[in-house]
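Please open the model in your viewer and keep the selection panel at hand. The tour proceeds by selecting residues in turn.

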Amino acid sequence: MAAVLAALVLGVALGPVSLPLKDVALELLGLDNNLNPREAAIVTQIRLPRVLLGLLAGSMLALAGGCFQGVFRNPLADPYLLGTAAGAGVGATTAIAMRADDSLVPIAAFAGALIAVISTYLLGATRNLILAGVAISSFLTAIQTYVLQRNVDTIREVYSWLLGRLATHGYAEVKTLLPYAAVTMIVVLALRRELDVLSVGDAEAATLGLHPQRSRLILLGAASLGTAAAVAVSGLIGFVGIIIPHLVRLVVGRSYRQILPLSLLFGGAFLALADLAARTVIAPGELPIGVVTAFFGAPFFILVMRTTKAVSL
């Protein structure tokens, strides 16, 4: 909670126009402070919605990452494993290419992500969900490439979305994501103990009274729902679902009763701070937030991959 609160205050106070941390904290609490009306508007109408969106999106990606790693018992699993990213990319690319209203882009991305996840479930439910996700992702990426080639004038706008962004129009995006985030949090956290049981194997879990397949599908469905909603409003932001659960696991151990709620909190704080870096490093310009998360995430992914290989050998 301290990390979340620190990310909230820093994200609102710092930027091209820096504001006193004390006055920002007082403004967020609704107390008297020394901010003038213009500065107060920057806090409440511009920066606060963006920081809240970062907290929600980051928490969903990190929570889904921890959930996927537990379900598949694979430390390299991430929220995009079942084709969520590819489906969202096709939906957003199609909407942008058709010159749809900006408010329709998240809806199209969300629809594409859910279609991809459902297709993966139908294709791989009786065999291998990971391979089904790879196949669906490859197919949808081909469709996206075709749409881009047919609408080259939209490439710049599409790639801006694909690299991730937390640009907001007031609190609209936060309100869009919030109900899906609430459902995901309630379901995944309520079933987090079952992930500990699944980690010992399906046969052992069944002897303990658990229905492994049913629990796995519920967890995957809830995590995919949260991922799809986060991708729809923030674009494709990679590595959050790998970095945060692993760092939490290094601190608290391997129990998902602790990993998942802490991943939820630290994931939100991490993405809010990554967004702060994205909009201040080259101010007044702005980096795509996906570039910032990849800068930290890619080396971490390589380290995890090498460590996992060494253990398996």
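**Salt bridges and cores**

Begin with Glu286, which counts as partly exposed at 43% relative accessibility. Note that the model is predicted.

Add Arg50 to the selection: Glu286 forms a salt bridge with Arg50, and their closest N and O atoms lie 2.5 Å apart. This pair links distant parts of the chain, since Glu286 is in the loop between H13 and helix H14 (289–312) while Arg50 is in helix H3, 236 residues apart.

Keep Arg50 selected and add Asp275. These two residues also form a salt bridge, with 2.8 Å between the closest N and O atoms. Arg50 lies in helix H3 and Asp275 in helix H13 (residues 256–280), so the bridge ties together parts 225 residues apart in sequence. Arg50 is buried, at 11% relative accessible area, and Asp275 is buried, at 1%.

Next, select Arg99 and Asp153, whose salt bridge has its closest N and O atoms 2.5 Å apart. Arg99 is exposed at 53% relative accessibility, and Asp153 is exposed at 54%. Now display Arg279 together with Arg50, Asp275 and Glu286: salt bridges with shared partners join these residues into one network. The structure holds five salt bridges.

Turn then to the nonpolar interior. The largest nonpolar core has 72 residues, and Phe68, Phe72, Trp161 and Val240 have the most contacts inside it. Helix H3 (residues 37–72) gives the most to this core, with 12 residues. Apart from this core lies another, of 15 residues, including Ala7, Ala13, Val24 and Leu48.

Finally, centre the view on Val240; beyond four places away in sequence, Val240 touches Gly58, Leu61, Ala62, Pro245, Phe270, Leu271 and Thr293.

How values were computed:
Residues numbered from 1 in each chain as written. Predicted model: local features only at pLDDT ≥ 70, side-chain atom pairs only at ≥ 80, totals over all residues. Heavy atoms only, no water. Core = buried A, V, L, I, M, F, W, Y, C linked by side-chain atoms within 4.5 Å. Buried < 20%, exposed > 50% of the residue type's maximum accessible area, 1.4 Å probe, protein only. Helix = DSSP H or I, 4+ residues; strand = E, 2+ residues; numbered from the N terminus. Contact = heavy atoms within 4.5 Å. Salt bridge = Lys/Arg side-chain N within 4 Å of Asp/Glu carboxyl O.
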